[in-house]
Amino acid sequence: MRVALVLGSGGARGYAHIGAIAELEERGHEVIAVAGSSMGALVGGLYAAGVLDEYTTWARGLTQGAVVRLLDPKWSAGGAIAAERVFAEVERIVDDRLIEDLPIPFTAVATDLRARREVWFQRGPLVSALRASIAIPGVITPVVVNGRLLVDGGLMNPVPIEPTAAAAADLTVAISLSGDRSAREPNTPAREAAPSTWRGELVERVRRTVGRERDAEPHDPFEDLRISDVVGLSMDAMQGIVTRYRMAGLPPDVLVTVPVSAARSLDFHRAAEMIDLGRNLTAEALDRAGH
């Protein structure tokens, strides 16, 4: 069966796309078009270029320490991480390939911040398109292309189905990385009483920290939040809503949903786990759809 494949944004959870592709291939499906945002663009572009296996081998070998060493802080450059060291490996694998010469038609989606519109890369150097699409706002530094300030494509189109709409496919398969944390979590607004003051909360945190050290209280996970965690959680919340609205108008034939709780945005040392999860979830979705 001829498949149009759409790969969503979601940081390290995007490794799940690798497992999804493996499952599609094992079932004999032929991918004839690929579109992706952010990590979905990265995996999709490497797959369309025929070099995904090499990247997968490298990613599986990353430890948490190796990921930390690859990060290169650039606090004054519009983002916390320049991603140059990480992307150097991608550039080595991709080389000078052009999007229009790839064996499989491919679209990388980025966001033009100033114009507030999507940018579809369907021609030109593949590595440049991928770098623009992965620039998570506030985390990875943006890039300027032809006067456009470009960031993560997931900001406006987390699961970009539209670029594949004209493909002569029998089936559109979309992989969303913005699934609900739990089937028990409602989507309706939560009603809470506002805290008395933020100062009171700060004092309470100090009290708990001192008390925990003295009495060995259970650890509060929110006390260890990093900037990247806050940005990642914010993107996840926004992308979940945007994805639901956009897919309501153009739903895929098969939707694979990876929960946001599967991994944090920068958990790039968890490749093997995410690949297996993506394969299993894709198998379940294809079975339900009879494909």
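**Getting to know this predicted model**

In this predicted model, residues 216-221 keep a pLDDT under 50, and the model gives this stretch 10 contacts beyond four places in sequence.

Q: Why should residues 216-221, where pLDDT stays under 50, be read with care?
A: pLDDT is the predictor's confidence in each residue, on a scale from 0 to 100, and here it stays under 50. Where pLDDT is low, the predicted coordinates should not be read in detail.

Q: How do you know where in the protein confidence is lowest and where it is highest?
A: Look at the means: helix α7 (residues 198-215) has the lowest, at 57, while strand β1 (residues 2-7) has the highest, at 98. The protein averages a pLDDT of 84, and 78% of the residues score at least 70.

Q: What makes helix α6 (residues 126-133) largely enclosed by the rest of the structure?
A: Buried means under 20% relative accessible area. Seven of the eight residues of α6 are buried, so the helix is largely enclosed. Those buried residues are L126, V127, A129, L130, R131, A132 and S133.

Q: Why is helix α1 called oblique to helix α9?
A: The axes of α1 (residues 16-26) and α9 (residues 271-289) come within 6 Å and cross at roughly 45°. Angles under 35 degrees count as roughly parallel and 65 to 115 as roughly perpendicular, so α1 is oblique to α9. The crossing is right-handed.

Q: What makes the contact between α1 and α9?
A: From α1 come A16, I18, G19, A20, A22, E23, L24 and E26, and from α9 come M274, I275, G278, R279, T282, A283 and L286. These residues divide into nine nonpolar, three polar and three charged.

Technical notes:
Residues numbered from 1 in each chain as written. Predicted model: local features only at pLDDT ≥ 70, side-chain atom pairs only at ≥ 80, totals over all residues. Heavy atoms only, no water. Axes fitted to C-alpha atoms, helices over the stretch in contact; angles between N-to-C directions. Helix = DSSP H or I, 4+ residues; strand = E, 2+ residues; numbered from the N terminus. Parallel < 35°, antiparallel > 145°, perpendicular 65-115°, else oblique. Left-handed = near helix turned anticlockwise from the far one by under 90°. Contact = heavy atoms within 4.5 Å. Nonpolar A, V, L, I, M, F, W, Y, C, P; charged D, E, K, R; others polar. Buried < 20%, exposed > 50% of the residue type's maximum accessible area, 1.4 Å probe, protein only.
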